[in-house]
Structures are given as C-alpha cells and as structure tokens.
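Please open the model in your viewer and keep the selection panel at hand. The tour below goes from stop to stop, saying what to select and what is there.

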Amino acid sequence: MSDSSDEEFNEGYVMYRHRREWSDVHPIKQNDGKNPIVAIAYSERFLDVYDYFRAILATQEKSERALELTNDALKLNAANYTVWQYRREIIKALKKDLYEELNYIADVIEDNPKNYQVWHHRRVIVEWLNDPSEELLLTEKILDLDAKNYHAWQHRQWAIETFSLYDNELAYIDKLLSADVRNNSAWNQRFFILKHMGLTLETVQREIHYAINRIRLVKNNESSWNYLKGLLESGDFQISQFPDVEAFTEDLYNSGNRAPYLLAFLVDMYIEKTLHIYETNSYDDPEIFARKVYEICDMLANHYDTIRYKYWKYISQKFRTEKERAKVGPNNDDTPANEEATNSEEQKLNGEAN
Amino acid sequence: MMNKRIHAKYFSRFLNLLPHRLSCHDSTRATIAFFSVSGIDVLDSLDLISEQSKQNIIEWIYGLQVIPKEGNVKCGGFQGCTALNLLDPPENCSTDNYKWGHLAMTYTCIAILVILGDDLSRLDRKAIVDGVKSVQKPDGSFSASIEGNEFDMRFVYCACCICYMINDWGDVDKELMGRYILSSIRYDGGVSQHVENESHGGTTFCALAALQLSDQMHLLTSKQLEKVKRWLLFRQDGGFQGRPNKPIDTCYSFWIGSALKIIDAFELSNFKENREYILSCQDIVVGGFSKWSGTTSDPFHTYFGLCGLSFLREPGLLDVMPSLNISMRAYERLKSIHKVWDLNSQMEVQLNIE
Ligand SMILES: [Zn+2]
C-alpha cells in the first residue's frame with residue numbers, strides 16, 4: 001500500500017474555507033454513517049478539499065476554479081474515479097485545450113505509474129484528441145523506470161492496436177530484450193506484434209531463429225522458451241516442420257545442458273513423437289522416444305527441477321496412460337477431456353459445501 | 001508456528017481507524033474492510049468482533065448500496081466508500097447522479113455481509129444484477145462501473161462472483177463472456193488481464209474462477225487445461241511469482257494456489273517451500289504478512305498469505321472456497337440463503353397458481 005502525498009503541497013497553501021474567492025460556496029461534509037468502519041483519520045486539508053469537491057459536484061459547478069480544485073483532490077487521492085470523471089466533464093464544458101490536459105496527466109502518471117485511474121484518464125483524452133503521437137514516447141519513459149510495468153504495456157498495446165502503430169515496435173522490443181533477455185513483457189509484446197503481422201510459416205521460421213539465438217545467450221530463461229513453444233503451437237504446424245528446433249535442442253542436451261526449460265521442451269517433443277508414431281501407424285519404434293520421456297521426467301523430478309517433483313511424476317504417469325490408449329487403436333475419443341475435470345470439480349465444491 | 005491472535009488483532013486495527021497517510025485508499029475502503037473481516041473469519045476468530053461491531057459493519061456496508069431511481073441509469077451495486085454520501089446538504093444539492101455501483105466493491109460488500117451472518121434481505125438484487133449487465137462490454141468483458149473505469153478480466157471475475165452470490169445471472173451474456181476469457185489465453189498458457197496483454201497470475205485466477213462460477217469450465221480443451229496447469233506450476237520458486245522472471249510475492253500463494261485448486265492440480269505444487277516462504281513474510285511483532293520477507297505488512301498480503309496457508313491445511317485456519325475467495329463456512333451460509341430464496345420463489349409461484 002502506498003501512502004498519500006500530503007507533503008506535495010507548497011508552504012503558502014491556504015485552506016479552501018479561508019479563500020475569499022470560494023466564500024460563496026457552502027462546503028458539504030461527508031456522511032460516514034453513525035458508526036463508520038475502516039475510518040480514515042483524514043488530514044484537515046483532505047477534509048477541506050473534499051468538502052468543497054462535494055459542493056461543486058452537488059451544484060454541478062463547471063468552472064476554472066472547480067478544475068483547479070480537482071487538481072488538489074487528485075493529489076490527495078489519485079484513485080478517486082469520481083473526481084477524474086468530473087474533471088473530464090469540466091474540461092468538456094469549458095472546452096479546455098486537451099493538449100494541456102495531456103501534459104498534465106503525463107506528469108501525474110510519472111508520479112503514479114501503477115494507478116489504474118490515471119492511465120484510464122490518459123486513454124480517454126487520447127481518444128478525444130484522436131492523436132496517439134505521444135503515447136509511445138510516454139510509455140517508453142515509464143518503461144525506462146520499470147520495464148515490466150503492466151499498465152504501461154497495456155496502454156502501449158492499446159495505442160498500437162487502435163492507431164496501427166506497429167511499424168517500429170520490433171526494434172523497440174529488440175532493444176529491451178538486448179538490455180534484459182528475461183523481460184517477459186517484451187517477449188509477450190513481440191508475440192502480439194507478430195500475431196498482427198501474420199504468423200505465416202516464413203515468419204514463424206524467422207522468429208524461431210530469433211528465439212534460438214536468444215536462448216543460446218541465456219539458456220535457462222523461461223520467457224524465451226515459452227516464446228519458442230508458443231510459435232510452434234501458433235498454427236497447425238508440426239514440430240517435424242522445424243528440423244532446426246529439434247537439432248538445436250538435442251545438441252544443447254548432448255552438450256551437457258540440463259536447464260529445466262530445455263528438459264521440459266524435450267519431454268513435450270518426445271511425447272508428441274511417440275504418439276505420432278502410433279497415430280500414423282508408422283514402422284518407427286515408439287519405445288525409443290518413450291524411454292526418453294521417462295528418463296527426462298525422472299531427471300527433472302530428481303535433480304534439475306525438484307520443486308516440481310510431483311508434477312514431473314504426474315506428466316510421466318499421464319504419458320504412460322496416453323501411450324497405452326494410443327497403442328490400443330486410433331484415438332476417436334473426441335469428447336473434451338475436461339468434462340471429467342469439471343464434474344469432479346463440481347462434486348468437490350458441493351461435497352465440501354455439504 | 002503461526003500466532004493467530006496477533007494477525008486477527010492486526011486486522012481489527014484496520015477495521016477501526018486508519019492513519020491519514022492511507023487517505024489515498026479512501027475510494028476502496030470496502031475492500032480493506034473485506035480483507036479484515038474475511039481475514040478474521042479465515043483465522044476462525046470472528047468472536048473477536050463484538051455483536052455490536054458486527055451490526056455496525058453491516059449497517060455501514062448497506063450505507064454503500066446504490067438504489068437507482070425508477071427509470072434512471074442502471075447503476076445498482078455498492079460504492080467503495082462514503083465520499084459521495086452527503087451530510088445535511090443544502091436544498092437541491094445532490095451527488096446521486098455520481099453514485100454508481102462498482103463491481104469490485106459490490107462483490108466485496110456482499111461477501112462481508114455473508115461472512116458476518118446477514119441474511120442479505122436488504123440487497124436490491126434486481127438492481128444489482130441489472131447493474132452488472134449494464135457494465136458488460138460488447139467484447140464480453142466488464143467495466144467496474146457505468147462510466148469512468150477500465151474494463152478487463154478483473155471485473156469479469158467480480159461480475160461472476162456477484163451473480164453467483166445473488167444467485168441470479170439476469171441478462172448477463174455468459175457465452176460472450178466465455179469468448180472473451182478464451183481470447184485472453186496467451187501463447188504460454190496463462191491468461192492476461194485483457195486479450196493480448198501478458199499472462200498474469202492474478203488474472204489467470206480471475207479467468208479460471210469466472211469459468212467455474214459461471215459453470216463454463218467445459219470451454220477449456222484438455223490441451224489448454226494442461227498448458228495452464230504447467231504455467232501455474234512453473235510460477236513456483238519457493239513461494240509463487242505472478243509472471244515469469246518476476247520476484248516471488250506472498251499474494252501469489254493465493255492467486256496461483258487458488259487457480260491450481262480450481263483445476264484440481266494444487267496437490268502437484270510443493271507445499272513445504274510454499275509454506276516456508278509465506279511464513280517468512282510474517283511479522284511476529286505487529287502481526288500481518290508482507291509481500292517480501294523483511295518488508296512492511298499490509299492487509300492485502302496478510303489476507304492472501306493466510307488464504308495461501310489455508311490451502312496448505314495450516315492448523316487453526318478455516319478452509320477457503322477457492323473461486324469465491326471466502327471461507328467454506330461463509331460459503332455454506334451463502335448456500336443456505338440461496339435455499340431460502342428458492343423456497344420463497346417456489347411459494348410465490350404456488351400462490352400465483354392458486
Ligand atoms: Zn503481491
């Protein structure tokens with residue numbers, strides 16, 4: 001929980017109730033009920049500002065002084081969405097210069113980069129202006145401070161998608177990944193951009209190499225492995241269409257690397273290969289791959305990813321069952337497998353409730 | 001070992017009076033009340049709150065309910081605080097047009113009422129469900145309020161909690177909502193806050209809980225289910241993190257733990273390390289839990305830390321209902337209220353026939 005910044009006010013600050021230009025306004029107190037709970041010991045200033053805010057809201061005063069009052073109200077509590085809402089109504093009524101508002105909200109965002117309301121206000125003003133020219137710069141400034149700020153990324157994605165600003169995004173992402181290859185937000189943004197450009201076989205192939213090159217630098221990085229895996233599963237592709245990936249991962253393994261993400265990738269790959277042999281009735285020996293699945297699952301469970309010991313045992317067991325089923329015959333079990341899961345979950349819910 | 005009493009007392013302090021530096025949380029006082037009340041409940045210490053205090057809390061919460069006037073905008077639900085409740089306003093002065101239900105506040109307020117044993121008879125259920133419907137967006141997601149707020153997965157979750165708790169989905173389009181959730185599943189298996197944003201532990205919980213509460217788990221294919229299972233389990237690194245390559249944080253022992261419970265995979269996580277991490281964030285002097293060991297505790301992380309421990313069957317804690325995020329005892333109470341409602345409506349039907 002962050003704190004209020006009461007001290008942001010300068011020294012010559014005068015309470016609204018002492019300001020001559022406000023003497024015509026009758027402040028309205030908050031009715032917190034007879035026995036308030038989670039009561040806040042508001043400061044004198046907070047009470048003063050919000051008593052006057054309630055007054056202008058209740059009388060629907062939309063004026064310059066009311067606009068200034070919202071500045072103070074938001075300084076004391078930037079999360080009050082009613083104040084933001086009313087501020088927008090004042091701006092509209094007074095036909096204020098929206099670019100001025102854009103500058104104002106940029107400053108507020110820099111002070112409160114993780115506040116939902118400030119980003120929402122920004123978005124509304126940009127929509128009104130229909131001008132996204134500052135958005136990439138602003139979000140870059142915020143991401144310079146914290147490259148994983150969710151609000152900034154969300155705003156950036158919105159601006160890019162709404163106003164088609166895709167052009168230079170890959171270069172920006174590349175810059176971020178060069179600075180920190182573990183920046184999962186940047187990897188996600190990369191996927192978002194490519195998806196919109198179209199994940200053709202050609203693009204996927206190019207991106208696979210991008211991911212592989214990044215993995216070569218830092219091997220135990222979940223983000224880059226997830227990205228690689230996401231690409232392979234993005235269309236109706238088969239892993240056999242990308243012999244480079246198979247070669248890369250097996251080489252890595254043979255060179256002695258035991259990064260859990262590599263091992264997890266191999267488990268999935270060998271499971272797919274085993275089941276594929278059964279499905280296509282090919283003459284290859286499925287046991288070659290099946291043995292690798294068990295072996296690597298054991299490795300993960302006992303040495304390289306022991307925190308997920310139970311999970312790798314589960315994967316191994318689940319594979320055994322699937323393999324037996326595949327052996328028996330063509331898999332015509334098309335019913336969603338989760339039907340059982342849903343039922344058991346429901347039973348559990350009811351069971352626990354009774 | 002955990003000192004239950006010290007944590008219950010910690011919550012009690014938040015129920016009473018907060019220092020003025022917390023004024024920036026003024027707009028969400030209801031959620032602080034929820035963490036405190038539900039936290040004390042999970043600690044099985046409701047007897048610490050006197051009957052009179054319970055009544056005071058219930059009255060204050062009902063004071064937040066918005067009852068829209070006939071023919072006005074459908075803004076039913078609960079506000080987060082009393083900032084717009086006026087004490088002795090002059091004639092013709094009213095802030096009623098700005099009193100809007102807020103989904104997160106409506107959800108937490110109803111939950112508080114249930115936990116404290118209220119019979120919910122004073123809820124304007126029709127206005128509430130109409131309010132939920134009125135903030136559903138064309139993409140299937142929900143906004144927090146009729147104006148002035150963002151729309152994303154967080155409010156999809158709150159909408160589901162509300163409809164489930166009042167046992168009425170009204171005109172809410174569950175199917176459209178389901179499509180929105182599916183469109184927010186990312187390439188790595190997690191679920192984002194909004195469509196193509198980055199996968200996030202909190203919003204993955206929101207998505208899965210929403211599917212369960214709306215009885216739509218069957219929308220997930222077994223492949224999606226396995227992928228999200230892995231994504232969730234990979235978040236564990238002692239405690240849990242919210243995104244790949246981010247530091248672990250106490251609250252994710254709830255978000256991730258609960259999501260795993262919903263898909264029946266919590267048993268695959270590592271209990272010992274999870275427990276050790278949560279307990280390392282415990283403040284044994286003033287009470288409460290923090291996000292990281294050695295930092296200041298807050299009600300949010302205290303509540304979710306305790307829920308995380310409850311999933312691990314820590315002695316002395318009540319079981320927590322994963323998707324609704326209240327104790328199983330409160331959940332049972334809710335179910336018995338539903339039974340009364342069912343009976344009443346059956347009787348009404350019979351009377352009409354006669
Ligand atoms: Zn946290």
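What follows is a short tour with a few stops in each chain.

This is a predicted model, in which local features need pLDDT of at least 70 and side-chain atom pairs count only at pLDDT 80 or more, while totals for chains, interfaces and linings use all residues. Residues are numbered from 1 along each chain as its sequence is written, chains are lettered from A and ligands numbered from 1 in the order in which they are written, and side-chain values use heavy atoms, with hydrogens and water left out.

**The zinc ion**

Select the zinc ion together with B:D249, B:C251 and B:H301, which coordinate the zinc ion at 2.1 to 2.6 Å through OD atoms of B:D249, listed twice, SG of B:C251 and NE2 of B:H301. Donors here are N, O and S atoms within 2.8 Å of the metal (3.2 Å for Na, K and Ca), and since water is not among the atoms, sites may look incomplete. Along the chain, the donors have the spacing D-x1-C-x49-H. The arrangement is irregular because the four donor atoms subtend angles of 53 to 113° around the zinc ion, whereas four donors count as tetrahedral if all angles lie between 85 and 135 degrees, and as square planar if opposite donors are over 155 degrees apart and all others between 65 and 115. Both B:D249 and B:C251 are buried (under 20% relative accessible area; exposed is over 50% and partly exposed in between, with a 1.4 Å probe and protein chains only).

**Two loop residues with positive phi**

Next, select B:N325, which has a positive phi of about 65° although it is not a glycine, and which is found in the loop between strand 9 (320–321) and strand 10 (326–327) of chain B. Helices (H or I, at least four residues) and strands (E, at least two) are DSSP runs, numbered from the N terminus. Is B:N325 buried or exposed? At 4% relative accessibility, B:N325 is buried.

Then move to A:S164, where phi is near 50°, in the loop between helix 7 (150–163) and helix 8 (169–179) of chain A. A:S164 is exposed, its relative accessible area being 53%.

**A buried loop residue**

Finally, select A:N183 in the loop between helix 8 and helix 9 of chain A, where A:N183 is buried with a relative accessible area of 1%. Leaving aside residues up to four places away in sequence, A:N183 touches A:A147, A:K148, A:L176 and A:L177, contact meaning heavy atoms within 4.5 Å.

Technical notes: Tetrahedral: all angles 85-135°; square planar, octahedral: opposite > 155°, others 65-115°.
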